[in-house]
Amino acid sequence: MSVYTELTFAQIQAFADQYGLIVTQVEPIENGIENSNWFVDFSDGHHAVLTVFEELNFEQAQGLAGLLDGITQHGLPVAAPYLNTAGQRLGWLADKPAQFAPRLQGTHPMQPTLVQCQAMGQGLASLHVAMQTIDFTKPNAHGQAWWQQTAAELRPSMTDDDQTLLDQLFAQFAHTQAKFGTLPQGLIHGDVFRDNTLFMGDRLSGILDFSECCHDDYLLDIAITLNDFGSDWPSVTLDQHKATAFIQAYQVFRALTPAETTALPIYLAMAAGRFWMMRLQVAQK
């Protein structure tokens with residue numbers, strides 16, 4: 001989250017008028033890469049996040065709002081946008097789609113505990129199950145086709161060792177695909193890193209930023225999340241106790257197939273490889 005569209009207090013209050021709310025304080029949120037965001041306090045004591053969508057059009061942002069609303073109906077801690085006085089979750093601000101959503105409480109788990117890893121495993125599985133009931137369609141913008149194309153573009157600037165590592169990763173992933181075929185799929189979050197979650201103690205109190213939500217292998221989402229939550233920070237090696245706790249907790253709500261269990265190690269490597277490519281791509285721009 002960040003700020004790219006500059007707004008005055010008066011503009012934000014005019015938008016809040018559509019919700020029957022009186023703004024008392026506004027604070028820009030400076031970190032992030034996609035949308036403009038502010039913390040907003042209201043006179044009735046509520047605290048919200050104002051988001052101006054910089055990349056999504058109105059229809060896309062409206063679909064995302066519907067997704068979040070559907071998830072909240074399953075009791076999961078996500079920030080579904082407020083309804084305005086016209087019964088709509090999305091409006092226009094500075095000629096861009098915009099929304100108010102509740103500001104979820106908690107802090108990012110920068111050093112996840114074993115219990116927090118368990119809570120995240122349960123939360124991710126619950127999210128996967130909940131999204132099976134929601135009508136939302138979006139391909140993975142950073143899926144396998146993107147990964148292969150980006151790797152080819154970056155290869156000339158990579159060291160020989162990095163190219164060899166990438167070749168090994170592609171070869172092992174291709175072997176896994178040939179062996180198991182299509183693994184269980186559905187809507188995934190696609191970006192459950194520690195800074196996209198909130199915890200109140202050991203309780204998961206928020207899952208944030210669904211901009212990467214898409215249709216892909218559940219195991220990809222598991223691998224992305226486990227890589228971050230299960231690493232023994234500041235070391236990037238996987239803590240096996242945390243990994244086991246995470247997977248066992250996940251399976252309480254959605255059991256992994258034997259193929260998923262066998263393929264998990266290469267998916268952990270593949271997920272790390274994709275984000276490696278994303279970082280290298282950004283660094284070259």
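A residue counts as buried here when its relative accessible area is under 20%, and by that cut-off four of the five residues of strand β8 (residues 203-207) are buried. Everything in these close-ups comes from a predicted model.

**Figure 1. Strands β7 and β8 make a hairpin.** Strand β7 (residues 197-200) pairs with β8 in the antiparallel sense, and four bridges join them. To get your bearings on the pairing, find F199 and look across to L204, its bridge partner in β8. Two residues sit between the strands, and G201 in the turn has a positive phi of about 65°. Strand β8 itself is mostly covered.

**Figure 2. F15, Y19, F42 and F100 gather into one aromatic cluster.** There are 10 aromatic pairs in the structure. Take Y19 and F100: their ring centres are 5.2 Å apart and their planes meet at 75°, so this pair is edge-to-face, since anything over 60 degrees goes in that class. Y19 belongs to the loop between α1 (9-17) and β1 (23-28), while F100 is in strand β5 (residues 96-102), so the contact links distant parts of the chain, 81 residues apart. Y19 is buried at 9% relative accessible area, and F100 is buried too, at 0%. F100 also pairs with F42, again edge-to-face, with 5.3 Å from centre to centre and 85° between the planes. Because F42 lies in strand β2 (residues 36-42) and F100 in strand β5, that pair ties together parts that are 58 residues apart in sequence. F42 is buried, with a relative accessible area of 4%.

**Figure 3. Strand β2 is covered along its length: seven of its seven residues are buried.** In a regular strand, the side chains alternate between the two faces of the sheet. In β2, S36, W38, V40 and F42 point one way, N37, F39 and D41 point the other way, and all are buried. What sits over the ring of F39? It's the charged end of R103, 3.5 Å from the ring centre.

**Figure 4. Strand β2 has antiparallel partners in β1 and β3.** With β1, the pairing runs over five bridges, and E27 stands opposite F39 in β2. With strand β3 (residues 47-52), there are six bridges, and S36 has V52 as its bridge partner in β3. How many residues lie between β2 and β3 in their hairpin? Four do, and G45 in the turn has a positive phi of about 95°. Before β2 in the chain, the loop between β1 and β2 holds I29, which is buried at 5% relative accessible area. If you want a long ruler for the model, I29 and A171 are 41 Å apart in space, C-alpha to C-alpha, and 142 residues apart in sequence.

**Figure 5. Two non-glycine residues with positive phi sit in the loop between β4 (91-93) and β5: A94 and D95.** A94 has a phi of about 55°, and D95 has one of about 65°. Are these residues buried or exposed? A94 is partly exposed, because its relative accessibility is 33%, whereas D95 is exposed, with a relative accessible area of 74%.

**Figure 6. The second largest pocket holds about 350 Å³ of space.** It is lined by 14 residues, and the closest to its centre are F193, N227, W233, A272 and F275. Which elements give two or more residues to the lining? They are α6 (218-229) and α8 (258-284). Of these, α8 provides the largest share of the lining, five residues. In chemical terms, the lining splits into nine nonpolar, three polar and two charged residues.

**Figure 7. A cis peptide bond joins W233 to P234.** Its omega is near 5°. P234 is placed in the loop between α6 and α7 (240-250). W233 is worth finding in both this view and the last, as one of the residues closest to the centre of the second largest pocket.

How values were computed. Residues numbered from 1 in each chain as written. Predicted model: local features only at pLDDT ≥ 70, side-chain atom pairs only at ≥ 80, totals over all residues. Heavy atoms only, no water. Phe/Tyr/Trp six-rings, centres within 6.5 Å; stacked < 30°, edge-to-face > 60°. Buried < 20%, exposed > 50% of the residue type's maximum accessible area, 1.4 Å probe, protein only. Lys NZ or Arg CZ within 6 Å of the ring centre and 35° of its normal. Pairing = 2+ DSSP bridges. 1 Å grid on protein atoms, 1.4 Å probe; cavity = no way out; pocket = protein on both sides within 12 Å on 5 of 7 lines; lining within 4 Å. Points joined across faces, edges and corners; volume = space filled by probe spheres on them. Nonpolar A, V, L, I, M, F, W, Y, C, P; charged D, E, K, R; others polar.
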